[in-house]
Amino acid sequence: MLTTLNTSYTDTRAGDLAWCLGSKELPALAVLDLRIGPVDLQLRLLGASHQVVLGMESGDCSETVACLPGRRSPLPARVAERVQGREYEFAARVETWEEQSFAGRAQELLALVENHPYGLAGVFPGDPTAFTALLAGGDAQGIHWRTWHAYPQEGRLVCTRSSLKVQDWYRS
């Protein structure tokens, strides 16, 4: 699903993004509710940020990548943690592109997500290369999602990938 976000572009630097696991739900500009295997998954666009909320038998959990008050540390390159007894992994990288290449990459990513049943992308008014996109997948063994946060004024694309193993979900 592709939507135009009804907000101004305020998260203006890739370096301002922070990662947080387990924060409360933040106000969303667009939401996509999914069920993958035994997990309810909610993809949430928070402007140039994202939040993924996982509904699990043992409770909810969230991943947030956003400009978070009080968090000034850089986005981690990799995190591996236990979340309610399950293996969770997060990885992030920042790509830098020349202007022409950036526009082409933005089009590729938006086309990938636009018609995908587990995809959500939001484009900011006035610049079709300013966007945040999320794409989920998985099965009863595990779920995964990828995100892209575009900063055309910097020529930077923040790319994340996350996964949560859920096999034997109901036996714990």
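Reader: Is Arg78 exposed or buried?

Author: This is a predicted model, so every value here is computed from it. Arg78 has a relative accessible area of 54%. The cut-off for exposed is over 50%. So Arg78 is exposed.

Reader: Which side chain does Arg78 meet in a salt bridge?

Author: A salt bridge needs a nitrogen of Lys or Arg within 4 Å of a carboxyl oxygen of Asp or Glu. Arg78 has such a contact, at 3.2 Å from N to O. Its strand is S7, and the partner sits in strand S8, 11 residues apart. The partner is Glu89.

Reader: What relative accessibility does Glu89 have?

Author: Glu89 counts as partly exposed. That class lies between the 20% and 50% cut-offs. The value for Glu89 is 33%.

Reader: Which residues do salt bridges that share partners join into one network?

Author: The structure holds 8 salt bridges. Some of them share partners and form one network. Its members are Arg82, Glu87 and Lys165.

Reader: How many residues apart in sequence are the parts that Arg44 and Glu25 tie together?

Author: Arg44 and Glu25 form a salt bridge, with the closest N and O atoms 3.5 Å apart. Arg44 is buried at 8% relative accessibility, while Glu25 is partly exposed at 44%. Arg44 lies in strand S4 and Glu25 in the loop between S2 and S3, so the pair ties together parts whose separation in sequence is 19 residues.

Reader: Which residue in S4 is the bridge partner of Val31?

Author: Strand S3 (residues 30-36) and strand S4 (residues 39-45) run antiparallel and are joined by 7 bridges. Val31 is on the uncovered face of S3, with Asp33 and Arg35. Across from Val31, the bridge partner in S4 is Arg44.

Reader: Which residues make up the covered face of S3?

Author: In a regular strand the side chains alternate between the two faces of the sheet. S3 has one covered face and one uncovered face. The covered face holds Ala30, Leu32, Leu34 and Ile36.

Reader: Which residue takes a positive phi in the hairpin of S3 and S4?

Author: That hairpin has 2 residues between its strands. One residue takes a positive phi near 60°. It is Gly37.

Reader: How far apart are the closest N and O atoms of Arg35 and Asp40?

Author: Arg35 is partly exposed at 42% relative accessibility. Asp40 is also partly exposed, at 39%. Their side chains form a salt bridge, with the closest N and O atoms apart by 2.8 Å.

Reader: What is the order of strands in the open sheet of 7 strands?

Author: The pairing in this sheet is mixed. Strands S1 (2-4) and S7 (78-83) stand at the edges, each with a single partner strand, so one side of each is left without a neighbour in the sheet. The order is S1-S9-S10-S11-S12-S8-S7.

Reader: Which residue in S9 does Leu2 stand opposite?

Author: S1 and S9 pair in the parallel sense over 3 bridges. S9 and S10 pair in the antiparallel sense over 5 bridges. In S10, Ala133 is the bridge partner of the S9 residue in question. Leu2 stands opposite Ala121.

Reader: How many residues of S9 are buried?

Author: Both faces of S9 are covered. Gly119, Ala121 and Val123 are buried on one side, and Leu120 and Gly122 on the other. The count of buried residues is 5 of 5.

Reader: At about what angle does Helix H1 run to S10?

Author: Helix H1 covers residues 99-114. It lies across S1, S8, S9, S10, S11 and S12. Its angle to S10 is about 45°.

Reader: Why are Trp19 and Tyr88 described as stacked?

Author: Both residues are buried: Trp19 at 14% and Tyr88 at 2%. Their ring centres are 6.5 Å apart and their planes meet at 20°. Planes under 30 degrees apart count as stacked. So the pair is stacked.

Reader: Which residues do ring pairs link into a cluster?

Author: There are 2 aromatic pairs. Ring pairs build one cluster. Its members are Trp19, Tyr88 and Phe90.

Reader: Which residues touch the most other members of the largest nonpolar core?

Author: In soluble globular proteins, nonpolar side chains tend to be buried together. Here the largest nonpolar core has 35 residues. The ones touching the most other members are Leu41, Leu43, Leu54, Phe90, Ile143 and Leu164.

Note on methods
Residues are numbered from 1 along each chain as its sequence is written. This is a predicted model: local features need pLDDT of at least 70, side-chain atom pairs count only at pLDDT 80 or more; totals for chains, interfaces and linings use all residues. Side-chain values use heavy atoms; hydrogens and water are left out. A nonpolar core is a set of buried Ala, Val, Leu, Ile, Met, Phe, Trp, Tyr and Cys residues joined through side-chain atoms within 4.5 Å. Buried means under 20% relative accessible area, exposed over 50%, partly exposed in between (1.4 Å probe, protein chains only). Rings of Phe, Tyr and Trp (its six-membered ring) pair if their centres lie within 6.5 Å; planes under 30 degrees apart count as stacked, over 60 as edge-to-face and the rest as tilted. Helices (H or I, at least four residues) and strands (E, at least two) are DSSP runs, numbered from the N terminus. Two strands pair if DSSP finds at least two bridges between them. Contact means heavy atoms within 4.5 Å. Axes are lines fitted to C-alpha atoms, for helices over the stretch in contact, and angles run from 0 to 180 degrees between N-to-C directions.
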